[in-house]
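Work through the exercises below with the model open. Try each task before reading its solution.

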There are 2 protein chains.
Amino acid sequence: MNVEIITVGDELLLGYTVDTNSSYIARQLGAAGFTVRYKTSVGDSLDAMEEAFQLALKRSHIVIVTGGLGPTDDDLTKRAIVKVFKRNLIFHEEILEDLRIRFAKRGLEMPAINQNQALLPQAAEFFPNKYGSAVGICIAEHGRVFISLPGVPLEMQQILDDEVVPYLERLKLNSSIHVATLRTTGIFESALAEKIKPGLRLEPGVRLAYLPGFSGVDLRVMASAADPEEGAQKAGKLVDYLERTVGKYIYGRDSETLEAIIGQLLGDNDKTLGVAESCTAGQLGMIITSVPGSSRYFFGGVLAYANDVKVNQLGVSPELLNEQGAVSEECAVAMAQGCRSLLGTDYALSITGIAGPEGGSNEKPVGTSYIGLASAHAARARLFNFGTERHAIRARASYAALEMLRREILDIK
Amino acid sequence: MNVEIITVGDELLLGYTVDTNSSYIARQLGAAGFTVRYKTSVGDSLDAMEEAFQLALKRSHIVIVTGGLGPTDDDLTKRAIVKVFKRNLIFHEEILEDLRIRFAKRGLEMPAINQNQALLPQAAEFFPNKYGSAVGICIAEHGRVFISLPGVPLEMQQILDDEVVPYLERLKLNSSIHVATLRTTGIFESALAEKIKPGLRLEPGVRLAYLPGFSGVDLRVMASAADPEEGAQKAGKLVDYLERTVGKYIYGRDSETLEAIIGQLLGDNDKTLGVAESCTAGQLGMIITSVPGSSRYFFGGVLAYANDVKVNQLGVSPELLNEQGAVSEECAVAMAQGCRSLLGTDYALSITGIAGPEGGSNEKPVGTSYIGLASAHAARARLFNFGTERHAIRARASYAALEMLRREILDIK
């Protein structure tokens, strides 16, 4: 069964909004065994939407539309549905009542414009929206399923996961493509390829892709086969080979994140963590605590952006700063040690670097960073160069710190 | 002149990667007066790419491809170009030499596989890549321009901005669509619409869109007209109306961010800032320091995730925590005051809340958050409810803190 995704909004064609929705939908439906064949973006125009919906219903079994369900006048999706399916809009009191209650819970009065959100095409099912006012709409007829979801990613995702996927799974055929992802960190794409290539033998229908990101390079294994079992088996062989060849760089599988793995390692061993961040100024702490339940092992930290904070809060000596500079091995070690004793944690990580665009020199160009680690047994720092772009430098430094801790805990050299 | 964007990669159709590239390109080219008519995604298949390239060259003046330029075997774009344009690949020693130097600067040996990166189609121009190994490729023939860029967003963006846009601007026609964005914060989409709608009169060709995000709702004004001047004038009228109606919620224009505005306000007044973060654990600091040069006004802060850190570092009294709880007005005020005196800054912001999924109660459900602000004149906190999803709660809390500071500095009630 083919899926077509249509994202609605002028902002998509003008590029003002990044279309994360179509990828999210493709990923979730792909995992559930559906194949996405077409992705289209149309503007906020009734004619363009009508044309796109008609075409999609002709060539695809399942059509999923996102966007244009808001209460304001630039939201036209429901009007396009009415035209394509020739159905009237019906008022649903229970939807409005639910909205009223939710506004009241937040101590707010519901703006009257939200009454529009209670209008749905006749004989459509609706999927509740936990986080917003626009419910999902589902129309099934003539062997086609047409689903319209809000464009706000958080709301779309909740409805898709909780409602749409279970709904579609009742229609599901077996998957014929098996996907496995091995997540690596601490090694470049090209260096990884050099290790993998010499012994690599790809069976027919099996593919390997290298997908670099700030946290590292994902190795994506894709095996297509007549039946899912054969696909899984073929993929499994390649996964085994990759684990033998570059296993020490692999921290997790599929959607596992480095921060969640760190959380498991700390939690399982009853260890605690603190951070001392200079150039990242909170990004490391934010990543660590993006994991629900991280309060079990994460105590907190110090954002030592100014040197005064390094001295006064973390106990870095002014002489050290004068002689070695804030971006130095010695400073990173002192920050980690200072943080560990200040917070009384088992581990402390520190980051100090030159994120740019200013502040670089010949000796220490932009990107120069030291990551420090202190534990009961060790206090050391490692030099990195994370490139030349501010945003990338800070993100890479944060993940490199997590990788340093992973290797420390697992004793990987 | 019509532009077609083609993004390459199995991961796009499977949804494993979000296609930020096509939006970025559309935005930058839109700003330069080009119209994007088609956006297509194809998988890593030579046949699919060839077909997509042929079709694009038939219907569009400018074709921009991203992805598939890496050194590894799953990167097929150059092979597809060779087939479509019937040109050989030529080795460019200067490209390889430049790569060797860059690896050496980071203290690394260049993996041999990168030699592939020095192969370009005959008679193609190339655009240097500051941040990676794949140069951009440009082929112009028969009144068509075909440009191939790497898929890594950072690299693509740099080449697009520094090379492609200036290149295309030499071919440019005048823009006939004028876009202006007013960025608001501290008010819901529906409440904003209720204030705007009563007096709103839209001229023909003028549109208004509401685009909600974590930092607030953007108001996008789009005016199409025969000539750019008329478009600007039409848009200007609507902008004036919006400024009169909802001006106090507008913090900036177009790509201005709340954090950059805060930076200007602090920098211009020679004021300094510190943060005390509980549930956001660094996100606020990270957002503030995403602005280059933020060390001029941002000193640092304390990540007080555990209550011990609130007590020991920020001086929040254990009695207060016992009686009111960590998520309370009193605690937020004490955190902000403690941070301000600890770091000696003019302002301090604090955030304490329940980010979930655990930790909520009937009295204080998930999403309950207090934002605190301390200055020489004031110390107070405000209650918010930022919804029910962890990621959104933390992001909204961070921006709400910045908005509280903006209003304090500008004395907006």
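**Exercise 1.** Find the bridge partner of B:Ala209 in β11(B).

*Solution.* The partner of B:Ala209 is B:Arg220. Now step back to the strands, which are DSSP runs (E, at least two residues) numbered from the N terminus. β10 (residues 206-213) and β11 of chain B pair in the antiparallel sense over eight bridges. Pairing requires at least two DSSP bridges between two strands. Two residues lie between β10(B) and β11(B) in this hairpin. Finally, check the cover: in β11(B), residues 216-224, eight of the nine residues are buried. Buried means that 20 or more other C-beta atoms, placed from the backbone, lie within 10 Å of the residue's own.

The model is predicted: local features need pLDDT of at least 70, side-chain atom pairs count only at pLDDT 80 or more, and totals for chains, interfaces and linings use all residues. Residues are numbered from 1 along each chain as its sequence is written, while chains are lettered from A and ligands numbered from 1 in the order in which they are written.

**Exercise 2.** Determine which turn and shift lay chain B on chain A.

*Solution.* Superpose by least squares on C-alpha atoms of residues with pLDDT of at least 70 in both copies. A turn of 180° with a shift of 0.0 Å along the axis gives an RMSD of 0.0 Å. That is therefore the relation of a two-fold axis. In chain B, B:Gly282 comes closest to the rotation axis, its C-alpha at 1.7 Å.

**Exercise 3.** Identify the residue just after α9(B) that takes a positive phi.

*Solution.* The residue is B:Asp270, with phi of about 55°. Within α9(B), residues 258-268, the buried residues include B:Ile261 and B:Leu266.

Technical notes
Buried ≥ 20, exposed ≤ 12 C-beta atoms within 10 Å, placed from the backbone. Helix = DSSP H or I, 4+ residues; strand = E, 2+ residues; numbered from the N terminus.
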